[in-house]
Amino acid sequence: MPAASVWPPIETLLPHRPPMLLIDNVCEHDAESICVQATPDAHAWYADAHGNMPVHIVIELMAQAIAAHEALTRRIEGLPPAPGVLLGTRRLEARVASLPAGVPVLVRATCVLHDDNGNGAYDCCVQADDETVVDATIKVHQPTDFSAFLMEPQS
């Protein structure tokens with residue numbers, strides 16, 4: 001695995017800033033996938049009574065990993081990052097109730113669908129100590145014109 005320093009700082013890839021920036025850095029990247037590191041914070045807004053990250057927050061970890069993949073892929077193509085939205089998931093399988101604070105995890109996202117309309121799906125997992133503790137398929141949308149997308153009437 002290449003050193004994290006070979007990749008640009010995560011702040012240059014994502015529009016998020018603390019306290020909403022949950023990803024520490026990129027560990028691996030290729031045209032179809034990314035691996036990022038995240039370290040749950042005992043004092044973060046999401047921390048449970050024990051200071052751990054509740055498992056439902058991993059959806060946001062996965063979404064940020066996907067956003068980093070898209071931004072880094074675009075950067076390599078000479079394009080700026082483009083905004084997108086998390087549509088959700090129909091499948092999330094968790095083997096833990098929370099992620100312990102201060103213990104780094106790896107978040108892997110692999111693109112399994114990317115169409116011309118900006119729709120995408122990623123198979124994602126969170127690994128702690130080389131064991132998959134959460135996996136999900138995450139659906140995303142990256143509209144061509146994000147401003148127009150925001151203005152579309154909702155039904």
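This passage describes the sheet, the main helix, the nonpolar core and selected side-chain environments of a predicted model.

The strands of the model include an open sheet of six members, arranged in the order β1-β2-β6-β7-β8-β4 with antiparallel pairing. The edges of this sheet are occupied by β1 (25-29) and β4 (85-94), each of which has a single partner strand, so that one side of each is left without a neighbour in the sheet. From one strand to the next, the twist averages 25°. At the β1 edge, the connection to β2 is a hairpin that runs through three residues, and the two strands pair in the antiparallel sense over four bridges. Within this pairing, Val 26 has Val 36 of β2 as its bridge partner. Although β1 stands at an edge of the sheet, the strand is mostly covered, with four of its five residues buried.

Helix α1 comprises 19 residues, from 58 to 76, and extends 27 Å between its first and last C-alpha atoms, close to the 27 Å expected at 1.5 Å a residue. Just after this helix, Gly 78 adopts a positive phi of about 80°.

In soluble globular proteins, nonpolar side chains tend to be buried together. In the present model, the largest nonpolar core contains 37 residues, of which Leu 61, Met 62 and Val 126 touch the most other members. Two or more residues are given to this core by each of β2 (33-38), α1, β6 (105-114), β7 (119-128) and β8 (131-141). The largest share, eight residues, comes from α1. The surroundings of Met 62 illustrate this packing in detail: when residues up to four places away in sequence are not counted, Met 62 touches Val 107, Cys 124, Cys 125, Val 126, Val 134, Asp 135, Ala 136 and Ile 138.

Aromatic contacts were examined next. A pair of aromatic rings is described by the distance of the centres and the angle of the planes. The structure holds two such pairs. In one of them, Trp 45 and Tyr 46 are arranged edge-to-face, with 5.3 Å from centre to centre and 85° between the planes. The two partners fall on either side of the 20% limit for burial, because Tyr 46 has a relative accessibility of 8% and therefore counts as buried, whereas Trp 45 is partly exposed, with a relative accessible area of 45%. The other pair, formed by Phe 146 and Phe 149, is tilted, with 6.0 Å from centre to centre and 35° between the planes. Both of these phenylalanines belong to helix α2 (residues 146-151), where they lie three residues apart, about one turn of the helix. Phe 146 counts as partly exposed at 21% relative accessibility, and Phe 149 is likewise partly exposed, with a relative accessible area of 23%.

A further environment is that of His 114, which is found in strand β6. At 47% relative accessibility, His 114 counts as partly exposed. Leaving aside neighbours within four places in sequence, His 114 is in contact with Glu 70, Asn 119, Gly 120 and Gln 142. Between His 114 and Val 85, the separation is 29 residues in sequence and 14 Å in space, taken from C-alpha to C-alpha.

Conventions. Residues numbered from 1 in each chain as written. Predicted model: local features only at pLDDT ≥ 70, side-chain atom pairs only at ≥ 80, totals over all residues. Heavy atoms only, no water. Expected span 1.5 Å × (residues − 1). Core = buried A, V, L, I, M, F, W, Y, C linked by side-chain atoms within 4.5 Å. Buried < 20%, exposed > 50% of the residue type's maximum accessible area, 1.4 Å probe, protein only. Contact = heavy atoms within 4.5 Å. Pairing = 2+ DSSP bridges. Axes fitted to C-alpha atoms, helices over the stretch in contact; angles between N-to-C directions. Phe/Tyr/Trp six-rings, centres within 6.5 Å; stacked < 30°, edge-to-face > 60°.
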